[in-house]
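Let's take a walk through a protein model together, one stop at a time. Have the sequence and the 3D view ready.

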Amino acid sequence: MSSAHHLEDKTLTLILAGGEGERLYPLTADQPKPVMPFGGVFRIIDFTLSNVLNSGLRRIYVLTQYKQERLHSYVRHGWPQLCDDFRGDCGEQIVCLPPGGGKRYRGTADAVFQNLDLIETSRSEHVLIVSGDQIYHMDYGKLLCRHATSGADLTIAAVEYPVELAGSMGVIQADPSDRAIGIEEKPMSPQPLPSNPKKALVNMGVYVFKKESLVEALRKNVDLNGADDLRKDILPFLVGLGRAVVFRFDGYWRGIGTLDAYYQANLDLLQADAPLDPYENSAWPTRTLGGAKTLQRSWLASDSRVSQGAALAECKIRMSIVSTGARIDAGADLEATVVLPGAHIGKGAKIRNAIVAEKTVVAPHARIGYEADADSAQFPVSENGIVIVGEYGPLVLPHARRGANVRPYLEKRPERNL
């Protein structure tokens, strides 16, 4: 499927999947963000792994840390079987790489630096580094072609994004030839595009490095100066040297950085002309271990996506996603709600503008999303008013003070295996 067959064997792929997902608490309280459910049957990391495999890349390393056992279980126990053309004798594999020797990854640059031996001893010429927590379809082969023909040390994938939303992301400035001339992480006043004052050029978290240049940048910044972040340290270093170019991506892309972004990305799948189709796109399949991607066709649900593994009594569902293993009892009424796997909505419950967490049991005749004061007294509520329904308490999490207004669990729940 890839457009760069001649570059596949020369590329090493690193997927960054070790962050805590602080701004997605409490949904990430007992699981890493990359394995959070999405769209009924997927996990978030399915999109990145599918992009990698569909692009023909087969030397894949997933850098893990937070709640790493759940991510390891998900990747190791099924993903190799989703791709039957790995050549083990040629080093083709998917490998999870947590920190070694009792260490921790201090940040994304440090995570790559701690695996420098792997990079240096590989026969690759290019290193593709991607985030494991974003929703998009992308042929990395086109990115690799842009990188190889430009002769740059670094190629940054970027997408045009509403300028009013760009302040929580990395914003890139480029000259007319798309050479990167500036990059700023989470700017107070994002610089708009000269051609469109309503849009900014946003860093997607997808990069291709010339191997030698990546090694040099890591040694100078991480090893000698104690830097630890790719976005804040390594990218500005190479951009400042004039050795970086931009690859403009014109498709759908969403970073899942906050509860509101996660909620909206799910609901984007319900649009009449959805900008992304992970269910029936045979040209660029989104692979998953979550079960059948086909949906139930039910008169009970309008403008919604109901997974095959969900059980519905006579209820009403509008503009909602119902995940596999969920159960909706008789008389329930859902509107603009994301129901995660294994949740049980009781008889006559009315829920709107909400995310119902995995395996949560909603009491019969509950009313959620209708009275703001009652909701916030019992559940976390996002900055945009989305109610996070689960076993939560009334205090603000320290993790959330920099992000969405969410509240913690009453007590920490034990980890569950996938």
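Before we set off, here's how the labels work: helices (H or I, at least four residues) and strands (E, at least two) are DSSP runs, and they are numbered from the N terminus. Also keep in mind that this is a predicted model.

Our first stop is helix α8, which covers residues 230-240. Just before the helix body, aspartate 229 caps the N-terminal end of α8, with a side-chain oxygen 3.0 Å from the backbone nitrogen of arginine 231. Now which residues of α8 are buried? They are Leu230, Ile234, Leu235, Leu238 and Val239. These buried residues span an arc of only 130° around the axis, so they end up on the same side of α8. Turn to the other side of the helix, and you'll meet Lys232 and Gly240, which are exposed. Just after α8 comes glycine 242, whose phi is positive, at about 75°.

Positive phi values turn up in other residues too, so let's go and find a couple. Lysine 67 isn't a glycine, yet its phi is positive, at about 45°. Look for lysine 67 in the loop between β4 (59-64) and α3 (68-76). Is lysine 67 buried or exposed? Its relative accessible area is 16%, and the cut-off for buried is under 20%, so lysine 67 counts as buried. Histidine 365 is another residue other than glycine with a positive phi, this time near 65°. You'll spot histidine 365 in the loop between β23 (361-362) and β24 (367-368). Histidine 365 has 56% relative accessibility, and exposed means over 50%, so histidine 365 counts as exposed.

Next up is a pair of strands. β9 (residues 170-174) is mostly covered, with four of its five residues buried. Its partner is β10 (residues 180-185): the two run antiparallel and are joined by five bridges. Across this pair, glycine 170 faces glutamate 185 of β10. The hairpin has five residues between the strands, and there aspartate 178 has a positive phi near 65°.

Two more loops deserve a quick look. In the loop between β1 (11-17) and β2 (37-38) sits proline 26. The peptide bond leading from tyrosine 25 into proline 26 is cis, with omega near 10°. Serine 320, meanwhile, belongs to the loop between β17 (316-318) and β18 (321-322). With 0% relative accessibility, serine 320 counts as buried. Leaving out residues up to four places away in sequence, serine 320 touches several others, among them Leu270, Asp303, Arg305 and Thr337.

Finally, let's head into the nonpolar interior. How many residues does the largest nonpolar core have? It has 53, and those with the most contacts inside it are Leu27, Tyr262, Ile345, Ile355 and Val362. Elements giving two or more residues to this core include α9 (259-268), β20 (333-339) and β22 (350-356). The largest share, five residues, comes from α9. Try clicking on isoleucine 355: not counting residues up to four places away in sequence, isoleucine 355 touches Leu27, Tyr262, Val338 and Val389, among others. There's also a second, separate core of 38 residues, which includes Leu49, Leu71, Val130 and Val171.

How values were computed: Residues are numbered from 1 along each chain as its sequence is written. This is a predicted model: local features need pLDDT of at least 70, side-chain atom pairs count only at pLDDT 80 or more; totals for chains, interfaces and linings use all residues. Side-chain values use heavy atoms; hydrogens and water are left out. Buried means under 20% relative accessible area, exposed over 50%, partly exposed in between (1.4 Å probe, protein chains only). The arc is that of the directions from the helix axis to the C-beta atoms. A polar contact is a pair of N or O atoms within 3.5 Å; within protein, one must be able to donate a hydrogen and the other to accept it, and residues adjacent in sequence count only if both atoms are side-chain atoms. Contact means heavy atoms within 4.5 Å. A nonpolar core is a set of buried Ala, Val, Leu, Ile, Met, Phe, Trp, Tyr and Cys residues joined through side-chain atoms within 4.5 Å. Two strands pair if DSSP finds at least two bridges between them.
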